[in-house]
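Dear colleague,

I am passing on the structure we spoke about, and I would be grateful if you could look through it with the notes below beside you.

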Amino acid sequence: MPIQKPRTLSGFMELLPQKQALFDAMVETLREVYALYGFFDLDTPLMEASEVLLAKGGGETEKQIYRFQKGDNDLSLRFDLTVPLAKYVALHQNELAFPFRRCQIGKVYRGERAQRGRFREFYQADIDVIGDGKLDILNDAEMPAIIHHAFTRLGLTRFVIRVNNRKLLNGFYAMLGLTDSAGEIMRLVDKLEKIGPEKVDAALREDLGLSPAQAGDILSFMAIQGSNADVLAALEGYRGRDGTFDQGLDELGAVCRHLAAFGVPEARFQVDLTIARGLDYYTGTVYETRLLDYPEIGSPCSGGRYDNLAEYYTEKQLPGVGISIGLTRLFYVLDEQGLLSPERLTAPAEVLILPMTGDQAPAVELATALRAAGVRTQIYFEEKKFKQKMAYADKLGVPFAAILGEEEIAQGKVALKDMATGAQELLTAQQAAQAVHAALVDRRSAAPIRERKPD
RNA sequence: GUGGGUAUAGCGUAGUUGGCUAACGCGUCGGAUUGUGGUUCCGAAGAUCGUGGGUUCGAGUCCCAUUACCCACCCCA
């Protein structure tokens with residue numbers, strides 16, 4: 001039989017055990033933080049009927065979605081976690097308590113060209129709040145506060161959450177008489193930082209047919225910078241000319257005020273008029289996060305307010321606001337930069353029992369006692385040389401090996417070896433469990449990320 | 001989807017203007033006598049040089065095609 005060469009599709013991340021453990025530690029940390037804010041942890045199907053996921057129709061989603069036929073069914077893999085949430089809420093609206101707060105950590109699929117930090121299968125860690133009819137603006141302020149909390153708990157410090165408001169932008173473009181092309185303009189303006197004002201100016205005029213005056217107005221609006229208070233003050237100068245703009249300005253102001261109340265330091269969030277990205281269902285507040293040391297890899301976390309997403313599934317108004325961490329991308333970058341905390345390199349077990357006698361019953365008994373005491377324990381059942389058993393313990397990275405030979409069994413004890421120091425002690429099962437617990441306290445509380453501090 | 005680049009053992013690479021049995025590091029496996037790993041030393045396995053065709057006495061090296069991957073664009077977590 002010919003051997004099929006094993007391979008993993010590009011754009012799909014597959015990790016070796018130690019890296020997987022670090023990834024899981026990040027997932028666990030995120031779950032803990034999300035839970036602190038009162039979110040229900042939801043899981044929805046990876047696959048949905050195509051007409052559900054594509055209800056909105058058109059755009060990038062349609063181009064990038066994995067879609068296929070199975071029998072007579074037209075199926076698609078979820079493109080994000082937000083659209084399935086909209087479906088879920090619309091479908092179960094009568095059984096849910098609103099505001100409905102849910103978090104979800106799961107894989108999503110996008111059929112695009114893979115690139116560095118850009119995957120075709122990746123994890124998103126989402127939190128969303130869906131309101132019934134109305135949803136208070138304070139929810140828009142709480143989202144980035146949670147992200148701030150989560151990133152901090154992960155061990156990150158060098159990041160900024162950038163905030164903007166689509167109503168503000170749409171209102172501004174309406175003032176210029178550019179309502180129809182607002183989406184295309186936003187996309188161009190978003191590139192300001194990347195390609196510079198001259199090129200954006202040229203593109204606005206040549207590609208979109210704007211007048212020099214219009215392009216100039218846009219660029220001078222986007223040039224508004226400074227502290228959040230400065231930017232908001234400058235925006236006041238535009239007030240009174242467009243209702244949508246005024247509303248957007250009020251919302252943005254409210255988000256900024258309340259963020260401070262949630263304990264987010266001013267340095268970690270920034271009003272930035274150029275950001276408008278994210279999917280096109282956003283209607284108000286939008287967020288984008290940037291890692292200060294790796295601006296080139298794109299936002300590891302974005303989101304915003306979407307007031308109309310459920311309209312494809314129900315007559316009812318179900319506005320939402322949410323944010324999504326691109327976990328796979330975040331992990332990839334941190335790994336590439338060597339920032340994953342080695343303290344969190346967790347082994348599959350804390351103790352590996354090495355039976356030295358033919359009779360493995362004492363080993364099983366010891367394992368049972370250790371497990372009862374809450375120690376993660378594995379037994380090495382295979383018949384190998386002692387040397388090889390030790391080598392296995394070393395490769396797994398277990399902090400302790402428990403050697404169980406005739407002498408130990410005779411005394412009703414076990415030789416517990418600390419793999420890091422090489423020190424070995426003859427202990428009872430209870431004593432061994434205590435020693436393990438005592439030694440591992442620090443390790444469990446370490447953050448998954450060890451960020452280098454800039455000098 | 002558009003443009004450019006690259007394809008040599010599990011991974012990372014070397015391979016001169018085409019010339020003998022394709023080299024190196026890491027990793028893997030085995031050994032350095034009996035119940036002690038991570039260091040060291042010795043040894044072994046592992047590649048029809050992405051695939052198919054062509055030029056040539058001769059191709060990993062040149063040409064064409066094809067596939068995969070990488071980079072940029074698009075878009076985005």
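To begin with a pair of helices, α6 (residues 166-175) packs against α7 (residues 182-189) at an angle of about 115 degrees, and their axes lie 10 Å apart. An angle from 65 to 115 degrees counts as roughly perpendicular, and α6 and α7 are therefore described in that way, as roughly perpendicular to each other. The crossing in which α6 passes α7 is right-handed, and the contact brings together L169, N170 and Y173 from α6 with A182, I185 and M186 from α7. By class, the residues of this contact of α6 with α7 comprise 5 nonpolar, 1 polar and no charged.

Before going further, please keep in mind that this is a predicted model. Its scores are ipTM 0.84 and pTM 0.90, while chain A has a mean pLDDT of 90, with 97% of its residues reaching 70 or more.

Two other helix pairs may be read in the same manner. Helix α9 (residues 197-206) and helix α10 (residues 212-222) have axes that come within 9 Å and cross at roughly 140 degrees, and α9 and α10 are therefore oblique to each other. Their crossing is right-handed, and on the α9 side P197, V200, D201, L204 and R205 meet P212, A215, I218 and L219 of α10. The contact of α9 with α10 contains 7 nonpolar residues, no polar ones and 2 charged ones.

In the remaining pair, helix α5 (residues 138-154) packs with helix α12 (residues 243-261) at an angle of about 50 degrees, their axes being 8 Å apart, which makes α5 oblique to α12. The crossing of α5 and α12 is right-handed, and the residues that make the contact are L138, D140, A141, P144 and A145 in α5, together with E251, A254, V255, H258 and L259 in α12. Sorted by class, the contact of α5 with α12 has 7 nonpolar, 1 polar and 2 charged residues.

Turning to the RNA, strand B is surrounded by 45 residues, of which the closest are R116, G326, M390, G405 and G422. The surface near RNA strand B draws at least two residues from each of the strands β6 (121-130), β10 (301-306), β11 (320-326) and β15 (414-418), and likewise from each of the helices α13 (327-336), α15 (386-396) and α16 (406-411). Which of these elements gives the most to the surface near RNA strand B? That element is α15, with 5 residues. In terms of residue class, the surface near RNA strand B divides into 17 charged, 15 nonpolar and 13 polar.

One detail of the backbone also deserves a look. F98 and P99 are joined by a cis peptide bond, with omega about 0 degrees, and P99 itself is found in the loop between α4 (82-91) and β5 (100-109). For context, most peptide bonds are trans.

With best wishes

Note on methods:
Residues numbered from 1 in each chain as written. Chains lettered and ligands numbered in written order. Predicted model: local features only at pLDDT ≥ 70, side-chain atom pairs only at ≥ 80, totals over all residues. Axes fitted to C-alpha atoms, helices over the stretch in contact; angles between N-to-C directions. Helix = DSSP H or I, 4+ residues; strand = E, 2+ residues; numbered from the N terminus. Parallel < 35°, antiparallel > 145°, perpendicular 65-115°, else oblique. Left-handed = near helix turned anticlockwise from the far one by under 90°. Contact = placed C-beta atoms within 7 Å. Nonpolar A, V, L, I, M, F, W, Y, C, P; charged D, E, K, R; others polar. Near = placed C-beta within 6 Å. pLDDT = per-residue confidence, 0-100.
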